[in-house]
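This report covers side-chain contacts and surface patches. The structure comes first, followed by the findings.

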Amino acid sequence: MNKGLKIVLSGPSGSGKGTIVKELIKDEQFLLSISATTRSTRQGEEEGVHYFFKTREEFEGMIAQNELLEYAEFCGNYYGTPKAFIENSVKNGKDVILEIEVEGAMQIKKIYPDAVFIFVVPPSLTELENRLVGRNTEAREVIEQRLARAKEELALYTQYDYVVVNDRLVEAIDEIKCIVRAEKLKSSFYGQKIENVIQN
Ligand code: 5GP
C-alpha cells in the first residue's frame with residue numbers, strides 16, 4: 001500500500017479553510033488531525049471532534065511530556081498537533097490534513113519536508129472581515145485581533161507550495177483535490193508503484 005500524503009492547510013482566520021476541510025473529509029481518503037487547544041469551546045463544537053479542549057496547565061503538561069509534534073500561540077491561546085495520529089494514518093495510506101496556523105506549519109516543514117503546504121486566502125480583506133463578523137462566533141475585540149493577525153499571515157504565502165483563493169467553495173475544494181492528485185503523480189511519491197512496474 002502506498003503511504004498517504006501529509007497536507008498542511010493554513011490561511012487567515014475566516015479564509016474558509018475550516019469549511020473546506022469539512023467538505024474534504026466527507027471523502028474517506030482524507031483524515032483530519034484533531035488538534036489540542038486552550039481556547040474555549042464555540043457553540044456546536046465537540047471534544048475530540050473539533051479539538052481536544054485543554055486548560056493551560058494541561059496543555060503545558062502535554063508540551064513537557066513531548067506529546068505534541070508542533071504547537072503555537074495564536075491570539076492568546078495555545079494550539080498544537082498530537083503526535084501519534086499522523087504517522088499511523090499515513091502508514092495506512094490515508095491523506096492526513098493538518099489545519100494549522102503558519103508558525104506551526106513552519107515547524108511541520110522542518111519535521112516533514114515532504115508534506116504538501118497549501119495556503120488558503122480569502123478574495124479580499126473586506127470579505128474576510130465580513131465572514132468573521134457574519135459567523136458570529138467571536139467578540140469584536142477578538143475579530144480585530146484576528147484581522148490584524150490575518151494581515152501578518154497573508155505576507156507569508158511564499159512559504160507554501162500552493163495558494164488557493166477561496167472565493168467559490170466548490171472551486172476551492174476542486175483545486176485542492178487537483179493538487180492532491182498531482183502530488184501523488186510526482187516521481188518522488190511513486191517509489192513502490194514503479195518498482196512493481198519494473199519487476200512485472
Ligand atoms: P480557531 O480558534 O479559529 O479554531 O483556530 C485559530 C487558528 O489556529 C487557525 O488558524 C487554525 O488553523 C490554527 N490551529 C488549529 N489547530 C492548530 C494546531 O494544532 N497547531 C497550530 N499551530 N495551529 C492550529
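Buried means under 20% relative accessible area, exposed means over 50%, and partly exposed is in between. The model described here is predicted. Arg-168, at 48% relative accessibility, therefore counts as partly exposed. Its salt-bridge partner is Glu-171, with the closest N and O atoms 2.5 Å apart. Glu-171 is also partly exposed, because its relative accessible area is 42%. Elsewhere, Arg-42, Arg-135 and Glu-138 are joined into one network by salt bridges that share partners.

**Salt bridges**

In total the structure holds 15 salt bridges. The table lists some of them, including the pair just described.

| Pair | N to O distance |
|---|---|
| Arg-168 and Glu-171 | 2.5 Å |
| Arg-149 and Glu-152 | 2.6 Å |
| Arg-39 and Glu-45 | 2.9 Å |

Arg-149 and Glu-152 both belong to helix 6 (residues 140-154), where they sit three residues apart, about one turn of the helix. Arg-149 has a relative accessibility of 18% and so counts as buried, while Glu-152, at 46%, counts as partly exposed. In the bridge between Arg-39 and Glu-45, both residues are buried.

**Aromatic pairs**

Eight aromatic pairs are found in a search of the whole structure. In one of them, the ring centres of Phe-74 and Tyr-79 are 6.0 Å apart and the planes stand at 85°, which means the pair is edge-to-face. Phe-74 is buried, since its relative accessible area is 7%. Tyr-79 has a relative accessible area of 13% and is therefore buried as well. Ring pairs link these two residues with Tyr-51 and Phe-53 into a cluster.

**Surface patches**

Which residues form the negative surface patch? Glu-47, Glu-57, Glu-58 and Glu-60 make it up. Glu-47 is located in the loop between strand 3 (36-37) and strand 4 (52-53). With a relative accessibility of 49%, Glu-47 counts as partly exposed.

A nonpolar patch on the surface is formed by Tyr-157, Val-163 and Val-165, which together have about 260 Å² of accessible area. Val-163 is placed in strand 9 (residues 162-165). Val-163 is partly exposed, because its relative accessible area is 41%.

Note on methods: Residues numbered from 1 in each chain as written. Predicted model: local features only at pLDDT ≥ 70, side-chain atom pairs only at ≥ 80, totals over all residues. Heavy atoms only, no water. Patch = residues over 30% accessible without salt bridge, like charges linked within 9 Å, V, L, I, M, F, W, Y side chains within 5 Å. Areas by Shrake-Rupley, 256 points an atom, 1.4 Å probe, with all protein chains shown as cover. Salt bridge = Lys/Arg side-chain N within 4 Å of Asp/Glu carboxyl O. Lys, Arg positive; Asp, Glu negative; His and termini not counted. Charge placed at Lys NZ, Arg CZ, Asp CG, Glu CD. Helix = DSSP H or I, 4+ residues; strand = E, 2+ residues; numbered from the N terminus. Buried < 20%, exposed > 50% of the residue type's maximum accessible area, 1.4 Å probe, protein only. Phe/Tyr/Trp six-rings, centres within 6.5 Å; stacked < 30°, edge-to-face > 60°.
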